[in-house]
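Got your viewer open? Grab the mouse, and let's take a walk through this model one selection at a time.

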Amino acid sequence: MAASAGPEIERLIALLAKLPGLGPRSARRAALALLKKREQLLVPLAASLAETAEKVSSCSICGAPDTRNPCSICSDGARDNALICVVEEAGALWAMERSGAFRGKYHVLGGLLSALDGVGPEALRVAELVGRVRGGEVAEVVLALPATVDGQTTAHYLAERLTGSGVEITSLARGVPVGGELDWLDDGTIIQAMRQRRPT
């Protein structure tokens with residue numbers, strides 16, 4: 001990239017371009033917006049980033065990012081310790097929390113098994129999950145992993161690792177989304193919905 005705006009601005013653009021969903025053009029537009037509103041956007045954003053980098057760490061129990069350790073969810077006495085929901089990353093945890101559908105604890109794996117990318121069990125927080133389950137308080141582990149090849153491979157591996165632990169292993173149901181119309185759904189979703197049909 002040819003330097004046309006000074007090395008500091010070019011570095012800002014290069015860093016912004018590394019964020020998901022932002023390419024070089026979007027990064028340039030974002031940088032321009034920040035520079036245009038320096039006092040309202042750039043300065044507070046820089047301060048917030050510095051504070052976040054200083055104060056946020058991974059929870060020693062579940063692996064979620066938080067300013068507390070243990071995190072606010074693991075510290076919440078109103079949560080059900082007998083339920084653990086396993087998610088790939090913190091984004092999935094935040095989605096579950098947004099729904100309000102789960103009142104147990106979480107376990108963030110930190111990724112998925114992937115032979116192509118060379119990600120094995122040792123790169124994920126699998127041993128920590130097994131340790132939590134073998135602690136004796138857990139009754140059910142919900143595998144809330146993506147419906148992808150890597151997600152299903154990881155779910156199968158975790159189910160095997162937890163076999164014999166005496167806990168119930170469940171997965172999220174897959175199928176027709178609320179408000180979904182059949183003619184817009186892919187074949188895999190329709191097949192899963194048929195397999196997991198239930199009485200009404």
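Before we click on anything, here is how the elements get their names: helices (H or I, at least four residues) and strands (E, at least two) are DSSP runs, numbered from the N terminus. With that in hand, select Gly 110, which sits in the loop between β4 (104–108) and α5 (126–133).

A word on what you're looking at: this is a predicted model, where local features need pLDDT of at least 70 and side-chain atom pairs count only at pLDDT 80 or more, while totals for chains, interfaces and linings use all residues. Residues are numbered from 1 along each chain as its sequence is written, and side-chain values use heavy atoms, with hydrogens and water left out.

**Stop 1: Gly 110**

Is Gly 110 buried, exposed or partly exposed? Buried means under 20% relative accessible area, exposed over 50%, and partly exposed in between (1.4 Å probe, protein chains only). Gly 110 is partly exposed, because its relative accessible area is 41%. Now show its contacts, where contact means heavy atoms within 4.5 Å. Leaving out residues up to four places away in sequence, Gly 110 touches Glu 88, Glu 89 and Leu 124. Try the distance tool too: from C-alpha to C-alpha, Gly 110 and Ala 64 are 9.0 Å apart in space, with their positions 46 residues apart in sequence.

**Zoom out: the whole chain**

Switch to cartoon view. The protein chain has seven helices and six strands. Trace them from the N terminus and you'll read α-α-α-β-β-β-α-β-α-β-α-β-α. Along its principal axes, the C-alpha trace spans about 60 × 45 × 35 Å. The radius of gyration (taken over C-alpha atoms) is compared with a globule rule of 2.2 Å times the number of residues to the power 0.38. For a compact globule of 200 residues that would be near 16 Å, but this protein chain has 21 Å.

Buried residues make up 28% of the 200 residues. Of the contacts with a separation of 6 or more, 47% are between residues 24 or more positions apart.

**Stop 2: His 107**

Next, select His 107 in strand β4. Its relative accessibility is 0%, so His 107 counts as buried. Show side chains and look for Arg 132: a polar contact of 3.2 Å joins the side chains of His 107 and Arg 132. (A polar contact is a pair of N or O atoms within 3.5 Å; within protein, one must be able to donate a hydrogen and the other to accept it, and residues adjacent in sequence count only if both atoms are side-chain atoms.) Beyond four places in sequence, the residues that His 107 touches include Ile 61, Cys 62, Val 86 and Leu 129.

**Stop 3: Val 126**

Now click Val 126, which lies in helix α5. Val 126 is buried, because its relative accessible area is 2%. What does Val 126 touch, not counting residues up to four places away in sequence? You'll find Leu 109, Pro 121, Tyr 157, Leu 158 and Arg 161. From C-alpha to C-alpha, Val 126 and Leu 109 are 6.7 Å apart, though 17 residues apart in sequence.

**Stop 4: Leu 143**

Move along to Leu 143 in strand β5 (residues 140–143). Leu 143 is buried too, with a relative accessible area of 3%. Measure from its C-alpha to that of Thr 170: the two are 6.1 Å apart in space and 27 residues apart in sequence. Thr 170 is also one of the contacts of Leu 143 outside its neighbours within four places in sequence, and others among them are Val 86, Ala 155 and Leu 158.

**Stop 5: the loop between β2 and β3**

Pro 70 lies in this loop. Where's the cis peptide bond? Look between Asn 69 and Pro 70, where omega is about 0°.

Also in the loop between β2 (65–66) and β3 (80–87) is Arg 79. Arg 79 counts as buried, because its relative accessibility is 6%. Its side chain reaches the backbone oxygen of Gly 104 at 3.1 Å. Among the residues Arg 79 touches beyond four places in sequence are Ile 73, Glu 97 and Tyr 106.

**Last stop: Ala 27**

Finish in helix α2 (residues 24–36), where you'll find Ala 27. Ala 27 counts as buried, at 0% relative accessibility. Past its neighbours within four places in sequence, Ala 27 is in contact with Ile 13, Leu 16 and Ala 17. For one more distance, pick Arg 174: its C-alpha is 36 Å from that of Ala 27, and the two are 147 residues apart in sequence.
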